[in-house]
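User: Can you walk me through the ligand site, then a bit of the sheet?
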Amino acid sequence: MYQIKTVAVLTSGGDAPGMNAALRAVTRAAIYNGMRVMAVMKGYKGLVTNDIVEFKTQNVSNIIHHGGTIIKTARCKEFTTPEGRQMAYDNLKRHNVDALVVLGGDGTFTGAKIFAQEFNFPVVGVPCTIDNDLYGTDYTIGYDTALNTVIEAVDKIRDTASSHERLFFVEVMGRDAGFLALNAAIASGAEAAVIPEVRLKDDMLAEVIQNGFRKTKNSSIVLVAESEVTGGAEGVAARVKAEHPEYDARVVVLGHIQRGGSPSAQDRILASRMGAAAIDALLEEQRNLMVGVVNDEIVYVPFSKAIKDDKPINMKLIATLRALSI
Ligand code: ATP
């Protein structure tokens, strides 16, 4: 049996609220199961540069409620090269690390998969991204908090939109996925969502324009997922202005505020469960997979599936939004 005595953990790619809660869970579950924990600073960069320190239970005290990541995150070009990954492997060996847990998104797991195969090294991933765009898990850590941040912002925009009788296009993150935009549209009572999963000619914008946004309401809010397909809020606003120069249309790009803040209860629970499950997976001699949650149960998804397959969005949500925004 391959016994794991020392596990390393890192956070990589874009930060997401709940990463700290997941780091805490990985650290505590590992120590609870008799393992030593090494924290790698700044994602794969710390692996390549040997920025690695031992973590005890106290190192993760008082962090469950903080956004961001106390061990920092970074994008690391060196790790995309065989030479960089060799340095990473040598540094893990230097610290007698037997397995690696990576907290991140799509790119992080792509790197993890390559590394795991190259060196036959056990790696387990915990999905942390506000985009919720990873196949094989109903939710990713950070998504729920970001959703709440978006609706709080849209509630405020609505006050000014209705006072001035304006049409607002609010751009939210999502990196080519419409989960945030569509669900935030439903939760904030927006008129429409423009998301990359729906072909442009069928999107809800055409309807909003056709119906005339002022027919029944004196203001409108449309949520737009950032993406080359949608053209972002600026692109959508330009389409509308071209047809209806009389509309008083404004654009708001919510940007990085969506990444920050204290994680919601949902995200803290998800992070705690997934972080502990990552250690369970290693104890069960599972490797090269992402921990997920489906129908409220923990599942293991091979990296190859999590990064390759597109996560489908529930199109019935569009019908719900359409029905409720009349
Ligand atoms: P987010 O979804 O928030 O952007 P992410 O994990 O997808 O998070 P990326 O910046 O895409 O973030 O990837 C994080 C890191 O993973 C990269 O900086 C790089 O070091 C590593 N990585 C990404 N793709 C590869 C690859 N093809 N080969 C090796 N390493 C990679």
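**Ligand site and a hairpin**

Analyst: Helix α4 (residues 106-119) gives the most residues to the shell around the ligand, namely six. Helices here are DSSP runs of H or I with at least four residues, and strands are E runs of at least two, numbered from the N terminus. This is a predicted model: local features need pLDDT of at least 70, side-chain atom pairs need 80 or more, and totals for chains, interfaces and linings use all residues. Numbering starts from 1 along each chain as its sequence is written, and side-chain values use heavy atoms, without hydrogens or water.

User: Which residues come nearest to the ligand?
Analyst: Arg75, Cys76, Gly105, Gly107 and Thr108, out of 18 around the ligand. Being near takes a heavy atom within 4 Å.

User: What are the polar distances to ligand oxygen atoms from Gly107, Gly105 and Arg175?
Analyst: A backbone N or O of Gly107 sits at 2.7 Å. For a polar backbone atom of Gly105 the distance is 2.9 Å. A side-chain N or O of Arg175 is at 3.0 Å. The cut-off for such N or O pairs is 3.5 Å.

User: How much of the ligand does the protein bury?
Analyst: 82% of the 630 Å² that the ligand exposes when taken alone. Areas are Shrake-Rupley with a 1.4 Å probe.

User: Switching to the sheet. How do β10 and β11 run?
Analyst: Antiparallel: six bridges join β10 (residues 289-294) to β11 (residues 297-302). Pairing takes at least two DSSP bridges. Gly292 has Val299 in β11 as its bridge partner.

User: What's in the turn?
Analyst: Two residues separate the hairpin strands, and Asn295 in the turn has a positive phi of about 50°.

Technical notes. A polar contact is a pair of N or O atoms within 3.5 Å; within protein, one must be able to donate a hydrogen and the other to accept it, and residues adjacent in sequence count only if both atoms are side-chain atoms.
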